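The exercises below are to be worked with the sequence and the coordinates at hand. Each task is followed by a solution in steps.

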Protein chains: 2
Amino acid sequence: MAITLRDVARAAGVSAMTVSRVLNGRDGVDNETRRRVEDAVKTLGYLPSRVAYSRASRKTSTIGLVLRDIANPFYAILAHAAEAAARKAGYRVLLCNTEGDLRVEREYLEDFVLYGVEGLLLAPASDESRHSVLPLLRRGFPVVLVDNSLPGVDCDVLVTDNVAGAKRLVEHLGALGHRDIAHIGDAEDTFTGRERLQGYRDGLTALGIGYHEGLVFRTVVDQLGGYRAAQQILALNPRPTAIFAVNNMTAVGAMQALRERQLSVPEDIALVCFDDLESLAVLSPFLTVIDQPAAMLGRLGTQLLLERISGKAGARHQRITLQTELTVRLSCGVGLGAPKKQELMAEGSH
Amino acid sequence: MAITLRDVARAAGVSAMTVSRVLNGRDGVDNETRRRVEDAVKTLGYLPSRVAYSRASRKTSTIGLVLRDIANPFYAILAHAAEAAARKAGYRVLLCNTEGDLRVEREYLEDFVLYGVEGLLLAPASDESRHSVLPLLRRGFPVVLVDNSLPGVDCDVLVTDNVAGAKRLVEHLGALGHRDIAHIGDAEDTFTGRERLQGYRDGLTALGIGYHEGLVFRTVVDQLGGYRAAQQILALNPRPTAIFAVNNMTAVGAMQALRERQLSVPEDIALVCFDDLESLAVLSPFLTVIDQPAAMLGRLGTQLLLERISGKAGARHQRITLQTELTVRLSCGVGLGAPKKQELMAEGSH
DNA sequence: TTGTAAGCGTTATCAC
DNA sequence: GTGATAACGCTTACAA
């Protein structure tokens, strides 16, 4: 039904091969012949099938982007930048939301590879993702990890300095007078979860505050998880004066729990987290955050991947750590003086 | 290098065809033979090439999702739902951000089709997108339009009731005492832009307020556009007491402009818009909006498309209009009494 | 129930 | 310069 290369060849009175050469801009074709072919292409309105091209050339010009949830602004921005970078290089992007489900992740990775993607940009769901990634890597398949790193997996990795960021956040809270800082952490074993917990501990140490297991609540890092963790935190006695949430969604969930209890942020309790919620910040500059360069993760990650695909990348794998930025807004209680709880205690001692 | 169907056939002592039958779960294969094939598949660790499958069967199990900007939460949620629905049906999703650029949109649509997507879910950039869509439709290619409809294009369409939503928003402002309501509209000719403008006019009419061209500012519907439009609005004398922004990003931009001028929302000027910014609303319930069911647009749109692809959809095209919801928060000035400007005027008359 | 032959639409290889 | 031929790895159609 559709016009094929052979139709063009016939119309131009040449072989299919010559048409192919013309279309792919190879030289070694007589100018006169080239013209005839080009005319035939135009006359017939011929459009080459990329599927057939992919099969024959084994080049799909497609990469797979696998992440937890594109509706999360952090990943949405990352995805946007990744797609733009891919497009600029003539690549298409196949999208997958794993929902943090390892099985979905594994199935999608396999499917994408069989479908012929030339490489994968993966934000792994957890350490367990390595079981899906290692077999690919062993076959020499190009994979770049973003956001989360994977223990024992040797490939290109692009992450942020989670330890430093978390430490900074906690120190900032400490400077505002907070001593009882709860942490909502990742229940899964993840690089980011571990690092941010480490940063939390480092921050406490720097502040001369002891680390208490009872102040760390590990949960699924989505809104519901944050909500539940915050509920547990609010049941604590004495109640912490600040919460450090491991990511944006848990902070949103925590906020929800606080609101339900009629607690104000930052007056009753401070709340800070990783990952900015950009457009939100413009509308109401509220949440104090460690802002990860999501767009850069997407763009740079894609570029790394494309270099790996094209073979331009060296044999050694890159491991790039980007720095984060502390954005101070209201939710940490800056400008409020010491945390309320301490005020209350002071009042109590009158 | 990789194991092929023939390798399996050889190992199992059958023909390639029989292996194919087993793999695709067709019947008409002896149980004993099936077992032998399955064993061989396992032993060899055979994985079928989906690229070859696609070429031979002409089924890529892939759809294209083409929209303006996945970093916009509205589209991100739509995309998330679309991908989930596609996955459930065994389909992959190829993603494209057009950035509102018609050329990018057209090139991507063509590319996706040549690449073999079985259908397209498109949120068109503007009316002009029809030039890219009509040729596809004429070939009988499955296309479903979401968010924006296209004049003179006959295909499945899934939109929201923009007129009713905009009218509701304006009436709500009117009920709060606003009479001078500016509108930041879409500079492109778009279905949503027209409809929302129409709803704006209908709302004014219902309120017994005259329509003034000078209160309508058409701009690119992104943050910068909203920012600039708001600047123009603020230069107006008398200054409107409320702004109705055509979408979330223009509202964010408007907010930015207001903040720069040290104007508070809603005390100095009210601000409402289309599209919710979900997680944001939890953190600080600020913006009064007409909330479009983004997830349903994505899910339903994908389902429509898959039905069209499978031929289950009837010859007649669907045109579905979903209802929106008014979510009243603070930015409209509810609870503030009459708009400040009127208060000032009242004071002036003392 | 199973196999054979002929593609799917292009590119790579090696002659001419 | 150009073309014939054989892939790429599978499916469809038909034959046995």
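**Exercise 1. A residue in a helix of chain B**

Task: list the residues that T250(B) is in contact with, leaving aside its neighbours within four places in sequence, and decide whether T250(B) is buried or exposed.

Solution. The model is a predicted one.
Step 1: the contacts of T250(B), with neighbours within four places in sequence left out, are I184(B), T219(B), V221(B), G225(B), G226(B), A229(B), A245(B) and C273(B).
Step 2: one of these, A229(B), is 21 residues away along the chain, and its C-alpha atom is 8.4 Å from that of T250(B).
Step 3: T250(B) belongs to helix α11 (residues 248-260) of chain B.
Step 4: a residue is buried if 20 or more other C-beta atoms lie within 10 Å of its own. T250(B) has 31 C-beta neighbours inside 10 Å and therefore counts as buried.

**Exercise 2. A residue in a helix of chain A**

Task: assign R194(A) to a helix and classify its burial.

Solution.
Step 1: helix α9 (residues 191-207) of chain A contains R194(A).
Step 2: the count for R194(A) is 17 C-beta neighbours inside 10 Å, so R194(A) is partly exposed.
Step 3: as a distance check, R194(A) and T160(A) are separated by 34 residues in sequence and by 13 Å from C-alpha to C-alpha.

**Exercise 3. The overall form of chain A**

Task: compare the radius of gyration of chain A with the globule rule.

Solution.
Step 1: chain A has 14 helices and 12 strands.
Step 2: its radius of gyration is 26 Å, whereas the globule rule gives 20 Å for 350 residues; the value is well over the rule, so chain A is more spread out than a compact globule.
Step 3: along the principal axes, the C-alpha atoms of chain A fill a box of roughly 100 × 40 × 30 Å.
Step 4: of the 350 residues in chain A, 50% are buried.
Step 5: among contacts in chain A with a separation of 6 or more, 72% are between residues 24 or more positions apart.

**Exercise 4. The contact between chains A and B**

Task: describe the side of chain A that touches chain B by element and by residue class.

Solution.
Step 1: chain A and chain B put 39 residues each into the contact.
Step 2: on chain A, at least two residues each come from α4 (50-57), α5 (73-88), β2 (92-97), α6 (102-115), α11 (248-260) and α12 (278-283). The most come from α5(A), with 7 residues.
Step 3: by class, this side of chain A has 25 nonpolar, 9 polar and 5 charged residues.
Step 4: 100% of the interface residues of chain A are interface residues in chain B as well, so the copies meet through the same surface.

**Exercise 5. The symmetry and the strand pair**

Task: find the relation between the two copies and the pairing of β2(A) with β2 of chain B.

Solution.
Step 1: two copies of a chain are related by a rotation about an axis and a shift along it.
Step 2: here a turn of 180° and a shift of 0.1 Å along the axis lay chain A on chain B with an RMSD of 0.2 Å. This is the relation of a two-fold axis. The C-alpha in chain A nearest the axis belongs to L94(A), at 2.2 Å.
Step 3: β2(A) pairs with strand β2 (residues 92-97) of chain B in the antiparallel sense, over 3 bridges. V93(A) is opposite L95(B), and L95(A) has V93(B) as its bridge partner.
Step 4: β2(B) also runs parallel to strand β1 (residues 62-67) of chain B, joined by 6 bridges, with G64(B) opposite L94(B).
Step 5: 6 of the 6 residues of β2(B) are buried, so the strand is largely enclosed by the rest of the structure. R92(B), L94(B) and C96(B) point one way, and V93(B), L95(B) and N97(B) the other.

**Exercise 6. The surfaces near the DNA**

Task: state how many residues surround DNA strand C and how many surround DNA strand D.

Solution.
Step 1: DNA strand C is surrounded by 27 residues, the closest being L5(A), S20(A), A56(A), D30(B) and T33(B). α4(A) supplies the largest share of that surface, 5 residues. The classes are 14 nonpolar, 9 polar and 4 charged.
Step 2: DNA strand D is surrounded by 25 residues, the closest being D30(A), L5(B), S20(B), A52(B) and A56(B). α4(B) gives the most to this surface, with 5 residues. The classes are 13 nonpolar, 9 polar and 3 charged.

Definitions and conventions. Residues numbered from 1 in each chain as written. Chains lettered and ligands numbered in written order. Predicted model: local features only at pLDDT ≥ 70, side-chain atom pairs only at ≥ 80, totals over all residues. Contact = placed C-beta atoms within 7 Å. Helix = DSSP H or I, 4+ residues; strand = E, 2+ residues; numbered from the N terminus. Nonpolar A, V, L, I, M, F, W, Y, C, P; charged D, E, K, R; others polar. Pairing = 2+ DSSP bridges. Least-squares fit on C-alpha atoms with pLDDT ≥ 70 in both. Near = placed C-beta within 6 Å. Rg over C-alpha atoms; globule rule 2.2 N^0.38 Å. Buried ≥ 20, exposed ≤ 12 C-beta atoms within 10 Å, placed from the backbone.
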